[in-house]
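This report goes through the local features of a protein model, from its surface patches to its backbone and its charged pairs. Please keep the sequence and the coordinates at hand while reading.

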Amino acid sequence: MTKQTDQTRFRRPGRTWITLLLAAVLVGVVGATRYEDDSGMYPDSFWAAKKSWKHNADMVIAGDSRSYIGISPTVMQKTLPKLRIRNFGFNSTGYSAEYLEAIAAVLDPDSPDPRILLCISPFSLTNWAAKINEFLHLDKLNARQRFLYEHGTGVLYFFEPMELKDLWYGIYPEAKDKHFFREHFADGWVAIRTIPDVPRSQLPAYRQLFADLRVKRQNIQRVMDYTSRWRAAGIKVYAVRIPTCVEMEKIENEGSQFNEAAFTAEFEAHGGVWLDFPPGQYESFDHSHLNREGAVEFSRDLAARIRKDEKASNLTGAKP
Amino acid sequence: MLFNSPEFLIFAAVFFFLWPLLKRANNTRWLYLTVASFFFYGWWDWRFLFLIVGSGLIDYGAGLIMIRWPQRRKVFLVLSILGNVGSLAVFKYSGFVADNLQPLAEMLGYAGTLREQLPRMTLVTPVGISFYTFQSMSYTIDVYRGRLEPTRNILHFFAYLSLFPQLVAGPIVRAADLLPQLREQQTVTEQESYDALKMIIRGFFKKLVVADVVAPIVNEAFGARNIQESCVFWWAVIILFALQIYCDFSGYSDIAIGLGKWMGYDFPTNFRHPYISTSMQEFWTRWHISLSTWFRDYVYIPLGGSRCASWRAHLNMWITMVVSGLWHGAAWPFVAWGALHAAYLSVERATSWPDRLKRIPYVGRHLALVICWILMLVAWVFFRSGTVAQEGISQFGRAMAVLGQMVSFHKLNPEPAGEILEGSVGAVLALVVLRHLYFHFGLDKRQRFRIPSRIWTILEPIGYALVVVACVYFRGSGDAFIYFQF
C-alpha cells in the first residue's frame, strides 16, 4: 500500500482543532462541575506527605483507621502546647516491625520529651492487618507516583474518574441527600462528618471479619518488645483503645479473643501507660470510627488524660 | 510508555510540535523518528533497547548482504530468522521451556529448578518483542523473495522498524508498505488530520471506557480462589472478556493507526468488526489482520498453503494456528486456543457448514453468527486462562473448570451475573452489542439511518468532544494494554 503524496496544505484551523478545543473546554467544565465531599489536602498528597515524615515530632500517634480518624493532633496541642504532635495512622495497618520502626523515626531525635501513643485495636494485632497493611502498600509507590502525589495531585485530582451522578450533583447539589464529608489535615487527621449520622453500621462487617480472625501472640509480643525498647531510650509510651460502641467492643473481644485486661497489664509491665476510655462515650458515624465532633471531644479528653498523667509523674518523681 | 498515561500525552505533544520542522529532510526525519521511538520504548526499560537495535542491525545487514551476495542469500536469511526467533526464544519462551523440561530433569536426577538457572533478565518478556521481531523478519524475507529493495540508509531502516505508534502492539506493518512512505515527506490534509483524530478518540474510548470498565470484573472472576458456581455468570464473564480483548486491542490499533495518519503514514487496518463474522474463516479475515496475514504469507503459504493434498492443507493450517497460539503466549492454554481455532477451521473446510446454514432464509445468517460467537467464546476461555497465575491450580485446570461451569445448565443461578452486569458494565455491554448489531444488519449502509451531512458537520465534533470527556472522566480502572504482554 503506497500513500500518494498530497500537495494540499492546511488552509485554516479545521475540525481537528475545533474538536480538540471543544474537548478541552468540555473537560474543563465537567471537571470543575464535579461534586466533591472532600476538602483540605488531596488524599494522595496527604498519604504521601505522611509517609515521608521523619524527625519532625515530639509525639507520634500510631494505629489504623480509628486512630487517624479519631484523634486530632491540633486539638490535643491546645492542652499540650509544648509538643509537636503528628498523627501517623494508616488504613488497615497492623503493628508490623516496619511500621513500628517508622513510628519511632517520625520522632525528632533532639526532642526533650519524646512520646508515642499507640492506638490498639484487636484488628491491628492480627496477621491479616499485617498483610494488607496500607502503610507498607505505600512503600510500593515508584518514584514517578511519589513525584506525582507530592507535586501534581491537584492536576491528577481534577482528572480523576467520576460517575455520572457526581456530575449531576455538581449541577444540582441540593439533589444529594447523603454526604460523606472528609477533610484531610496536614497534621495527619482526617475529620469525617456524615449525613445521615450513621449511613452504614460496620457491626455486621466486623461480625463477619472476626468470625475466623484472631489476635496473634507474636503481634502482641512485638508491640511489647518495642515498648520496652522505646522506654529504655527514654521515650514515653502510651496506649489507648479508641472507644467505639459497646456492641462493637463485644464483637471484637469475643471474635478475636482479645483480652484487654491482660494486654493492659502486660503493656504496663513493659513500662507503658494505658489510657482507659470506656466505649459508647463519643459520637461515631459507623459504630467503629469517631465522627468529627466525637474525634474533637475525644482528642481533648485524651490530651487532658495525658496531661494528668504528666502531673502525677512529676509529683511522684517517676521516670518520664 | 502507555498511550493512556500523562507521560505519553506530553511526549506526543512535544513530538507533533516539532514534527513539521523536522520532517522535511530525509535523514533528519528518520533520525527524529528513531530517537523519539527509542525514547518511547526505552521509557519502559532502556536496557531492552539493545534487543531492538541488535535485531535491527542483523536484519539491516542481512538485507544488504543478500543483494551483494545473492548466491548466499539463503544463509543470511536463515541467520536473520535465527537471530529474531532466537531473541524470542530466549526472552519469551525460555521460562516456558524450563518449566516443561523440569519433570524430565527431575527424572534424570536433577535436584534444582531449571527456571532458577536462567539469567533473570531472560525471564522478563520485553514489551512488544513479538511484534517488532515479526516486523523485522518480514523485511529480510521480502528482500530474499525479491519483493523489496533493501534500504541502504540505516536511519531509514530503524525509522521503519522502531516507529513508535505501532512498535509495541502493532499493527505489524510490512516493509514494502512503510519504507516507501518514509522515503518522502508526507503532507497531511485537514480531512486526513480530522479522520486521524476521530480514530484516536475512538481508540481511547474503546480502551478506557469499555475495556477498562470491564477488566476488573473479568480479572476478579478468573483470579478468585474458588470458581463461582453459576452457568450464567461464566457466560457473562467470558462475553465481557471477549468485549475487553477486542476493545483493548482494537483500541490500541486505532490509536496507533491514527497517530500514524497524523504523521502522514498509512498503517493497515487491523480489525474489521470481527464479532459480526458468520464463519471462523471470516473471523480470521477480520481479527488482528496484520498478524493473520503475516502468518499466512510467511508460514502457511511457504508450507504449501492449500495448494496441496487436502490432508496436507489441513496440517499446514494446524501448524500455522498452533504457532499463532504460541506467539500469543508462552503457556499451553494459548496453544490450546490456537489448536481449537484450527479445529474450527478444519471442520468448516470439511463441511462448509456456515455456507449451508446461511442458505436458510431469514434466520440462517443470524444462526451462523450465534454459532460463531459460541465457538469464539469457548476458545477465549483458554486464552484468558493462559494469563492466570495462581497457586494450587494450573492454567489448564482453570480453563476446564470454567468450561465445566459454562455447560452446567442445571446450575443457572443468574444472580451473580446480575450483580456484575449492573451499572456502567451493563451500559457498556449494551452499547457495544447495539453497535455490533448495527453493522450486522447493515444499517451503516442504509440511507435512512444517515444523518444529513450539514447537520453532521456540526454534530460530529461535538459528539467526539463528548467522547473525549467520557474517556477522561468515565474511564475504568484497568491499566496496561493486554497485547503489551505479547
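## Exposure and the charged patch

A residue is called buried when its relative accessible area is under 20%, exposed when that area is over 50%, and partly exposed in between. The model is a predicted one, and every value below is computed from it.

With a relative accessibility of 37%, E293(A) falls between those two limits and therefore counts as partly exposed. The residue belongs to helix α15 of chain A, which covers residues 292-316. On the surface, E293(A) gathers with D197(A), E283(A) and E297(A) in a patch of negative charge.

## Chain A as a whole

Chain A is built with 15 helices and eight strands. Its C-alpha trace spans about 95 × 45 × 45 Å along the principal axes, and 47% of its 320 residues count as buried.

## The nonpolar patch

Which residues make the nonpolar surface patch of about 420 Å²? The patch is made by I18(A) and L22(A) from one chain, and by I458(B), I462(B) and L466(B) from the other. Two elements give two or more residues each, namely α1 of chain A (15-33) and α21 of chain B (453-473).

The largest share, three residues, comes from α21(B). I462(B), which lies in that helix of chain B, has a relative accessible area of 36%, so it is classed as partly exposed.

## Backbone features

Most residues other than glycine have a negative phi, and most peptide bonds are trans. Against that background, two residues of chain A and two peptide bonds deserve a closer look.

S92(A), although it is not a glycine, has a positive phi of about 45°. The residue sits in the loop of chain A between β3 (85-87) and α5 (97-106), and its relative accessibility of 25% makes it partly exposed. Q257(A) is likewise not a glycine and has a positive phi, here of about 60°. Its place is the loop between α13 (246-256) and α14 (260-269) of chain A, where a relative accessible area of 58% means that Q257(A) is exposed.

In chain A, the peptide bond from I195(A) to P196(A) is cis, with omega near 0°; P196(A) is located in the loop between β6 (190-195) and α11 (203-209) of that chain. In chain B, a cis peptide bond with omega of about 0° joins G170(B) and P171(B), and P171(B) is placed in the loop between α8 (164-167) and α9 (175-183). G170(B) is found in the loop between α8 and α9 of chain B, and because its relative accessible area is 0%, G170(B) is buried. Measured out from C-alpha to C-alpha, G170(B) and E184(B) are 22 Å apart in space, while 14 residues separate them in sequence.

## Salt bridges

Side chains of opposite charge can pair when their charged atoms come close. Over all chains, the count comes to 28 salt bridges. One of the pairs is R241(A) with E260(A), whose side chains meet at 2.8 Å, N to O. R241(A) lies in the loop between β7 (236-240) and α13 of chain A, whereas E260(A) is in helix α14, so the pair ties together parts that are 19 residues apart in sequence. Both R241(A) and E260(A) are buried, and both also belong to a network of salt bridges that links them with R66(A), E249(A) and E252(A).

Two further pairs lie within helices. In chain A, the side chains of E254(A) and K250(A) meet in a salt bridge at 3.8 Å, N to O; because these residues are four apart in helix α13, about one helical turn separates them. E254(A) has 54% relative accessibility and so counts as exposed. In chain B, E282(B) forms a salt bridge with R286(B), with the closest N and O atoms 2.9 Å apart. The two are again four residues apart, this time in helix α12 of chain B, and so they are separated by about one helical turn, while both E282(B) and R286(B) are buried.

## A buried polar contact in chain B

Is N270(B) buried or exposed? N270(B) has a relative accessible area of 1% and is therefore buried. The residue is found in the loop between α11 (231-263) and α12 (280-286) of chain B, and its side chain makes a polar contact of 2.8 Å with the side chain of S290(B).

Technical notes
Residues are numbered from 1 along each chain as its sequence is written. Chains are lettered from A and ligands numbered from 1 in the order in which they are written. This is a predicted model: local features need pLDDT of at least 70, side-chain atom pairs count only at pLDDT 80 or more; totals for chains, interfaces and linings use all residues. Side-chain values use heavy atoms; hydrogens and water are left out. Patches are made of residues with over 30% relative accessible area and no salt bridge: like charges are joined within 9 Å, nonpolar side chains (Val, Leu, Ile, Met, Phe, Trp, Tyr) within 5 Å. Accessible areas come from the Shrake-Rupley method with a 1.4 Å probe; for residues, only the protein chains shown count as cover. A salt bridge is a side-chain nitrogen of Lys or Arg within 4 Å of a carboxyl oxygen of Asp or Glu. Lys and Arg count as positive and Asp and Glu as negative; His and the chain ends are not counted. The place of a charge is taken as NZ of Lys, CZ of Arg, CG of Asp or CD of Glu. Buried means under 20% relative accessible area, exposed over 50%, partly exposed in between (1.4 Å probe, protein chains only). A polar contact is a pair of N or O atoms within 3.5 Å; within protein, one must be able to donate a hydrogen and the other to accept it, and residues adjacent in sequence count only if both atoms are side-chain atoms.
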